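Please walk through this chain with me. We begin at a single residue and work outward.

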Amino acid sequence: MSPKRTMRPQVEMMDSRVLLSGLHPLQRKFVDLTGPLMRHDAWSAPKSTGRSAYVYNFQGSGGLAAMGAVQTSGSVTDTVRAGAHSYRGNLTLANTQGSVKITIRADSYKITGGTGAFKGATGLGGVAFGTRSNGELAGLALNADM
């Protein structure tokens, strides 16, 4: 019989690593979006995408707590079932300092991104929808959850 060899695990030393000074971790920051947003062309009819779904081109403006005056762009889809409206969509809110992107689902919104001064933006809150007498969307109001 041959003798058994035993190997013991060893730890090798690694070089130290230094974070490059040009890279900064993304800082997440809450952005209060409380305020109203109005469609510029609130009298234009939405595009029908079926019996009970309507897509609104949401080009407009408003004033929001943390951002001040903003321009809005994006679309909002209104699905009507048994007379009840359910909204969802994506909007970009922009001013000279940067922009914030939000996703709307039913009666709430969530910030999904930001640029410029709003890079790393986070937040969510409620949405109230303003409609004309015929039920068409005229604008909306955001209310941030603090």
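Start at T92. Setting aside neighbours within four places in sequence, T92 makes contact with Q71, T72, S73, S99, V100 and K101. Another residue to look at here is G74, 18 residues from T92 along the chain. The C-alpha atoms of T92 and G74 are separated by 6.2 Å. T92 itself sits in strand β7. Is it buried or exposed, or something in between? T92 counts as partly exposed, because its relative accessibility is 22% and the buried class ends at 20%. Keep in mind that this is a predicted model.

Now step back to the whole chain. It has zero helices and 12 strands. Read along the sequence, the pattern is β-β-β-β-β-β-β-β-β-β-β-β. The chain has 146 residues, and buried residues make up 33% of them. Its accessible surface comes to about 9,900 Å². Carbon and sulfur atoms account for 55% of that surface. Consider next the contacts between residues at least 6 apart in sequence. Of these, 41% join residues at least 24 apart.

Next, the strand pairing around β6. Strand β6 covers residues 68–81. Strand β4, residues 53–57, runs antiparallel to β6 and is joined to it by five bridges. In this pairing, V55 stands opposite T77 of β6. Strand β5, residues 60–64, also pairs with β6 in the antiparallel sense, again over five bridges. Here L64 has G68 in β6 as its bridge partner. β5 and β6 form a hairpin, with three residues between them.

On to β7, the strand that holds T92. β6 and β7 pair in the antiparallel sense over 11 bridges. One of the positions to find is V80, whose bridge partner in β7 is H85. These two strands also form a hairpin, with two residues between them. Look at A82 in the turn: its phi is positive, at about 50°. In a regular strand, side chains alternate between the two faces of the sheet.

Stay with β7 for the aromatic rings. How many aromatic pairs does the structure hold? It holds one. The rings are those of Y87 and F129, with centres 4.0 Å apart and planes at 25°. The pair counts as stacked, because 25° is under the 30 degrees that sets the limit for stacking. The pair links distant parts of the chain, with Y87 in strand β7 (residues 84–95) and F129 in strand β11 (residues 124–131). Y87 and F129 are 42 residues apart. Now check how each ring residue is covered. Y87 is buried, with a relative accessible area of 4%. F129 counts as partly exposed, at 23% relative accessibility.

Last, the charged side chains. How many salt bridges does a search of the whole structure find? The search finds one. R132 and E136 form a salt bridge, and their closest N and O atoms are 3.0 Å apart. That distance qualifies because the cut-off is 4 Å. Are the two partners buried or exposed? R132 is buried, at 17% relative accessible area. E136 is buried too, at 15%. Both count as buried because their values fall under 20%.

How values were computed:
Residues numbered from 1 in each chain as written. Predicted model: local features only at pLDDT ≥ 70, side-chain atom pairs only at ≥ 80, totals over all residues. Heavy atoms only, no water. Buried < 20%, exposed > 50% of the residue type's maximum accessible area, 1.4 Å probe, protein only. Phe/Tyr/Trp six-rings, centres within 6.5 Å; stacked < 30°, edge-to-face > 60°. Helix = DSSP H or I, 4+ residues; strand = E, 2+ residues; numbered from the N terminus. Contact = heavy atoms within 4.5 Å. Areas by Shrake-Rupley, 256 points an atom, 1.4 Å probe, with all protein chains shown as cover. Pairing = 2+ DSSP bridges.
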